[in-house]
Amino acid sequence: MRALRAWLVLSAFFAFTFPLMPLQLLFLWTGSRYARTFPNWYHRQVCRLVGIRLHVDGSVAREHGVLLISNHVSWLDITVLSAVAPVSFVAKQEVASWPFVKWLAKLQRSVFVDRTRRSEVTDKANEILSRLEADDHVVLFAEGTSSDGNSVAPFKTPLFAAVKPTRGDPLGADLCAQTLALTYTKLHGLPLCRRGRPVVAWYGDMDLASHAWRLLGLGPLDAHIRIGPPVPLDDFTDRKALARYAEDKVRRDVSELLRGRRRPSSI
């Protein structure tokens, strides 16, 4: 039954996705406002198709450019967070070479970064800042990798340079940072315990294809997202101060969500 469910979900996903990819490409080519918002609608439908029930505490400040700083658990995070709000992602350079996945990432206007090259990190930080100034919402997985879902790894600071641009000018009150704490808490309506969460998590040297096949065959999932309040980027003296704030907030929120302390609204 698990293999059948995985096959049905994947078949429905590709049948739904392939016809919509040229439409998003058209939005990008023409500079349409739908290039930002259409992926949000698309991922909400994918969540329904896969069986992911979203519970959201808080909201993204959609009227301003926002750097969204999140923990990272699974490849599912992309769809879950994209269903919450119109967002783009900061992705590692390797993603740009993954079959099929790279096209989805590019269609969602992801920023690809080779974190082994310091000069490129600086250039990409400036690109992120420009996107924020254009009122985009950019998600940064600040741990630099995914975890087992039971804890939050230390945040890495280089890409937080977007808070301290080279020219040193104030960014203005309209540019904010918000934290995102993401947890997967139930499978088939039953609580996931400490041993169960790594079944959902994709981390270490796990193979993406085999993990996706196994996970999609398991059944419906509940995901809880807590969104922190918007804080002006100018409130932080440098990137390290922003990283400390974000890590403390995300770590605290993830801990509370895993202990069941939440007041979510389902979407």
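These questions and answers concern two helices and a histidine in a predicted model.

Visitor: How far is helix 3 from its first to its last C-alpha, given the span expected at 1.5 Å a residue?
Guide: Helix 3 covers residues 34-50, which makes 17 residues, and at 1.5 Å a residue these should span 24 Å. The distance between its end C-alpha atoms agrees with that expectation, being 24 Å.

Visitor: Which residue just after helix 3 takes a positive phi?
Guide: Helix 3 runs over residues 34-50. Just after this helix, a positive phi of about 100° is taken by glycine 51.

Visitor: Is histidine 55 buried or exposed?
Guide: Histidine 55 has its place in strand 1, which is made of residues 52-57. Because buried means under 20% relative accessible area, and histidine 55 has a value of 7%, this residue counts as buried.

Visitor: Which side chain does histidine 55 join in a polar contact?
Guide: A polar contact requires a pair of N or O atoms within 3.5 Å. At 2.6 Å, the side chain of histidine 55 makes such a contact with the side chain of aspartate 222.

Visitor: Which residue caps the N-terminal end of helix 9?
Guide: Helix 9 comprises residues 239-258. A side-chain oxygen lies 3.1 Å from the backbone nitrogen of lysine 240, and the residue that supplies this oxygen, capping the N-terminal end of the helix, is aspartate 238.

Visitor: Which strands do the buried residues of helix 9 pack against?
Guide: The buried residues of helix 9 include Leu242, Ala246, Val250 and Val254. The buried residues of this helix pack against strand 2 (66-70), strand 6 (176-187) and strand 8 (221-227).

Technical notes. Residues numbered from 1 in each chain as written. Predicted model: local features only at pLDDT ≥ 70, side-chain atom pairs only at ≥ 80, totals over all residues. Heavy atoms only, no water. Helix = DSSP H or I, 4+ residues; strand = E, 2+ residues; numbered from the N terminus. Expected span 1.5 Å × (residues − 1). Buried < 20%, exposed > 50% of the residue type's maximum accessible area, 1.4 Å probe, protein only. Contact = heavy atoms within 4.5 Å. Polar contact = N/O pair within 3.5 Å; in protein donor to acceptor, adjacent residues only side chain to side chain.
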